[in-house]
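Let's take a friendly walk through this structure, one stop at a time. Keep the sequence and the 3D view side by side as you read.

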Amino acid sequence: MSKTIKIGGRSSLLSRIQIHTVTSALKEKNKNQIFETFFSESKGDKDLTTPLWQFAGRGIFTKDLQEDLLSHKLDIVIHSFKDMDLKERKDTTLIPILKREDVRDVLLFKKNKWINLPNEITILTSSPRREYHIKEFLKNYFPTPISNFEIKIESVRGNIQTRLRKYLDHESGGILVAKAALDRIVNFQDPSNLLPELKEVKQLIRETMNVSLFMVLPSSIFPSAPAQGTLCAEIRKEDKHLESMLAEISDLETKQTSNEEREILSRYGGGCHQKIGVTVLHRDYGKVSFIRGVTEDGQILQTKELSGSPNLTFSRDEVWPPNAKMAARQRERLTYSIPKDVDVFVSRGYAFPLDLSVNPSNQILWSAGLSTWKDLALRGFWVNGTCDGLGESEPPEIDSILGRKTKFVKLTHLDSDKHSSIYPVIPTYFVSAPEIPIPFDTSKIKAAYWRSGSEFDIVTKRYPELLNVIHFVGPGSTFRKIKHTLGEEGSKNKVFVSLSFESWVERYIKP
């Protein structure tokens, strides 16, 4: 082994942060090893005018570095994994390393465009994938009336600070960026002053956030570039000692999800010119896969899947709710009191009172799912993000870009299980017991889909025999509640997650 291991990459601030982060992790595991870092500009860093998709397949950010690796000028090259092409490598090996950052994209939108409504909206992005997704997204999830304005897309290139400055100087309404880029810069600590411009760029990000509203875009309808948020190390194939060293700072889940996403994209040809997003999430209830976009031959992709679903089907008279239709429940508004300046988590659209207002300049509005987001947007509210229907245990992870800790309260119904909620609960409405048809023959029931923990409690107290059926539920607190109620043995092979009631009907109910 060479006495000194040479680690290199691109010279942008973000790339140097990534390289220093990896080098620090390697030093922690190999205290007697000497590491040196090297930085260089790639063709993609020098050419800031040509759209990225026109460079597809040409190694715009990686080719020069790979040549330095093969000529032994470098021993390890650190890349953003999303920048790497999908081709099999003859002489080098790619190794995903460290824990993956947030995979999601962020839309920044100028507050003055929100206050003084324009006639059209220009969004800055050089990604065909982001351009494809954002047009449909804005029509459905931007608050009225700006959701109805004309949307224009303008290409923007450069490192993160260059793009943010162009956004600030431009008459555009918004810009799309990877959340991982913002998080990495804001969270990086530099006590040795390795990056003298870091303080200035952090200040630029803070100034940008101060004049902007933001939306963290949901993976289900705005999936990321495959392996977005993941770092990878490229080494020569023969350097097995480096492969072993890098394995010590690898994260298994990061490796699995990143490689799975790249494999999915490879089915459609791959490349940064593709209008296809792929996000894979590993959760304790299964693997969630989101694929969305359009292929080069015009095939529309729109997939939301949960692996590990049981191979079962039921007739409509064998399930709760009766006839596989949501049991009706009556709702009534309650008097409520919400502390000043808290952030608001909304469980469903009805939970947000008609007389409540939220100031998007200093309060965060977060929704449990997309239907709730859409309800709030139609009422003219700016929603910052969503749990995407995966349960409130999906953290917003926005403290870094927000510049403060969030302080959510949850708006929900009176009988919501306060003990299973992550946030303090504020009931804003009362919901009645679900209507049960008469006659209702429980002896026929083989499976149930529960919308909430309160529905489960009410129905199973009246019909305790339904505790013994197969249970389906959305991910989140109700899933945990039912598993806890039935116990480890009672819930084994009897409690399953379905991502929505509609997908449950489609998957398990006979036509």
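Lysine 82 is partly exposed, because its relative accessibility is 37%. In this predicted model, lysine 82 forms a salt bridge with aspartate 83, and the closest N and O atoms of the two are 3.4 Å apart. What about the partner, aspartate 83? Aspartate 83 has a relative accessible area of 25%, so this residue is partly exposed as well.

That pair belongs to a wider set, for the structure has 29 salt bridges by the rule used here. Another one joins lysine 113 to glutamate 171, where the closest N and O atoms are 3.6 Å apart. Lysine 113 sits in helix 4 (residues 111-115), while glutamate 171 is found in the loop between helix 6 (160-169) and strand 8 (174-178), so this salt bridge ties together parts that lie 58 residues apart in sequence. How do the two ends fare, buried or exposed? Lysine 113 counts as buried because its relative accessibility is 16%, whereas glutamate 171 is exposed, with a relative accessible area of 64%.

Next, look for arginine 165 and glutamate 200, whose side chains meet in a salt bridge at 3.2 Å, N to O. Arginine 165 is part of helix 6 and glutamate 200 is part of helix 8 (residues 198-210), so the pair links parts that are 35 residues apart in sequence. At a relative accessible area of 33%, arginine 165 is partly exposed. Salt bridges can also join into a network, as they do among Asp75, Arg236, Glu238 and Asp239.

Cysteines are our next stop. How many disulfides does the count come to? The count is zero disulfides. Two cysteines to find in the view are cysteine 232, which counts as buried because its relative accessibility is 0%, and cysteine 387, which counts as buried because its relative accessibility is 2%.

Now step back to the domains. The protein chain is divided into domain 1 (105-216), domain 2 (319-323 + 436-508) and domain 3 (331-431). The centres of domain 2 and domain 3, taken over C-alpha atoms, are separated by 26 Å. Where these two domains touch, seven residues of domain 2 are in contact with eight residues of domain 3. How is such an interface described? Its size is often given as the accessible area lost when the parts come together. For domain 2 and domain 3, about 650 Å² is buried between them, with 48% of it on carbon and sulfur atoms. On the side of domain 2 that touches domain 3, helix 14 (residues 477-491) gives the most, with three residues. Between these two domains, the count of salt bridges is zero, and so is the count of residue pairs in polar contact with both at pLDDT 80 or more.

Helix 13 (residues 453-462) is worth a look too. Its buried residues are Gly453, Ser454, Glu455, Phe456, Val459 and Thr460. What do they pack against? Their neighbours are strand 14 (319-320), strand 19 (408-413), strand 21 (447-450), strand 22 (470-473) and helix 14.

Our last stop is glutamate 502, which lies in helix 15 (residues 501-508). Glutamate 502 counts as exposed because its relative accessibility is 56%. Glutamate 502 and lysine 325 are 177 residues apart in sequence, yet their C-alpha atoms are 9.7 Å apart in space.

Methods
Residues numbered from 1 in each chain as written. Predicted model: local features only at pLDDT ≥ 70, side-chain atom pairs only at ≥ 80, totals over all residues. Heavy atoms only, no water. Disulfide = S-S within 2.5 Å. Buried < 20%, exposed > 50% of the residue type's maximum accessible area, 1.4 Å probe, protein only. Domains from an automatic or database assignment. Contact = heavy atoms within 4.5 Å. Buried area = accessible area lost by both parts, 1.4 Å probe. Salt bridge = Lys/Arg side-chain N within 4 Å of Asp/Glu carboxyl O. Polar contact = N/O pair within 3.5 Å; in protein donor to acceptor, adjacent residues only side chain to side chain. Helix = DSSP H or I, 4+ residues; strand = E, 2+ residues; numbered from the N terminus.
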